[in-house]
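Work through the following exercises with the structure open beside you, and try each task before you read its solution.

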Amino acid sequence: MDERARELYLEEHRKVELTRIAFLKAQMGLEGYSLNNFSNKNWYFDRIMKKNNFYATQYFYSSNPYVMEPYHVLWPVPLTAITSNTQGRINQNIGYFGAEDNIPVE
């Protein structure tokens, strides 16, 4: 992964690459990861916390610390996308405001 970061430095965003790998590991069930609890335990969060001490030490900007949680692997779905969709239901990603109203996928 470190070599890949150097190779693709200007070619793609690092978060996209790490999220893709985390999703693949969860999809294949590697290293104890699963899609069932993807927002609670994933390779992306474990990798960031292992290789980067910025979030582990919780630096403060004014009174708010910079923190990272496992659900940050996915970004929130914009509220405008959820409310403007009249043909179906778009669920919010787990961990963000509105996720408590999610409808289970059949």
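**Exercise 1. Confidence and overall layout**

What pLDDT does the protein chain average, and what percentage of the residues score at least 70? Then describe the order of helices and strands.

Solution. Begin by noting that this is a predicted model. The protein chain averages a pLDDT of 85, and 87% of the residues score at least 70. Next, look at how the confidence is spread: helix H2, residues 14-28, has the highest mean, at 92, while strand S1, residues 60-61, has the lowest, at 66. Where pLDDT is low, the predicted coordinates should not be read in detail. Finally, turn to the layout, where the protein chain holds five helices and two strands, and these follow one another along the sequence in the pattern α-α-α-α-β-β-α.

**Exercise 2. Placing Gln92**

Is Gln92 buried or exposed, and which residues does its side chain reach through backbone atoms?

Solution. First locate the residue, which is found in the segment after helix H5 (79-84). Its relative accessibility is 7%, and because buried means under 20%, Gln92 counts as buried. Now follow the side chain of Gln92, which reaches the backbone nitrogen of Val77 at 2.6 Å and the backbone oxygen of Phe97 at 3.5 Å. Then widen the view: leaving aside neighbours within four places in sequence, Gln92 is in contact with Pro76, Val77, Ile82, Phe97, Gly98, Ala99 and Asn102.

**Exercise 3. The largest pocket**

Which residues line the largest pocket, and how many of them are nonpolar, polar or charged?

Solution. Start with the list: the lining consists of Leu35, Asn36, Asn37, Phe38, Ser39, Asn40, Leu74, Gln92, Asn93 and Ile94, so that Gln92 from the previous exercise appears here again. Sorting the lining by class gives four nonpolar residues, six polar residues and no charged ones. The space in this pocket comes to about 210 Å³.

**Exercise 4. The loop between H2 and H3**

Compare Glu31 and Lys41 by deciding for each whether the residue is exposed or partly exposed, and then find what is notable about the phi of Glu31.

Solution. Both positions belong to the loop between H2 and H3, as is stated for Glu31 and for Lys41. Glu31 has a relative accessible area of 53%, and because exposed means over 50%, Glu31 is exposed. Lys41 has a relative accessible area of 34% and is therefore partly exposed. For the backbone, most residues other than glycine have a negative phi. Glu31, although not a glycine, has a positive phi of about 55°. Turning to the surroundings of Lys41, and leaving aside neighbours within four places in sequence, the residues in contact with Lys41 are Glu31, Gly32, Tyr33, Asp46 and Pro70. Lys41 and Glu69 are 28 residues apart in sequence, yet their C-alpha atoms are 9.3 Å apart in space.

**Exercise 5. Helix H3 and the burial of the chain**

Which residues of H3 are buried, and what percentage of the protein chain is buried?

Solution. Begin at the start of H3, where a side-chain oxygen of Asn42 reaches to within 3.3 Å of the backbone nitrogen of Tyr44. Moving into the helix, the buried residues of H3 are Trp43, Tyr44, Phe45, Arg47 and Ile48. For the protein chain as a whole, buried residues make up 25% of the 106 residues.

How values were computed
Residues numbered from 1 in each chain as written. Predicted model: local features only at pLDDT ≥ 70, side-chain atom pairs only at ≥ 80, totals over all residues. Heavy atoms only, no water. Helix = DSSP H or I, 4+ residues; strand = E, 2+ residues; numbered from the N terminus. Buried < 20%, exposed > 50% of the residue type's maximum accessible area, 1.4 Å probe, protein only. Polar contact = N/O pair within 3.5 Å; in protein donor to acceptor, adjacent residues only side chain to side chain. Contact = heavy atoms within 4.5 Å. pLDDT = per-residue confidence, 0-100. 1 Å grid on protein atoms, 1.4 Å probe; cavity = no way out; pocket = protein on both sides within 12 Å on 5 of 7 lines; lining within 4 Å. Points joined across faces, edges and corners; volume = space filled by probe spheres on them. Nonpolar A, V, L, I, M, F, W, Y, C, P; charged D, E, K, R; others polar.
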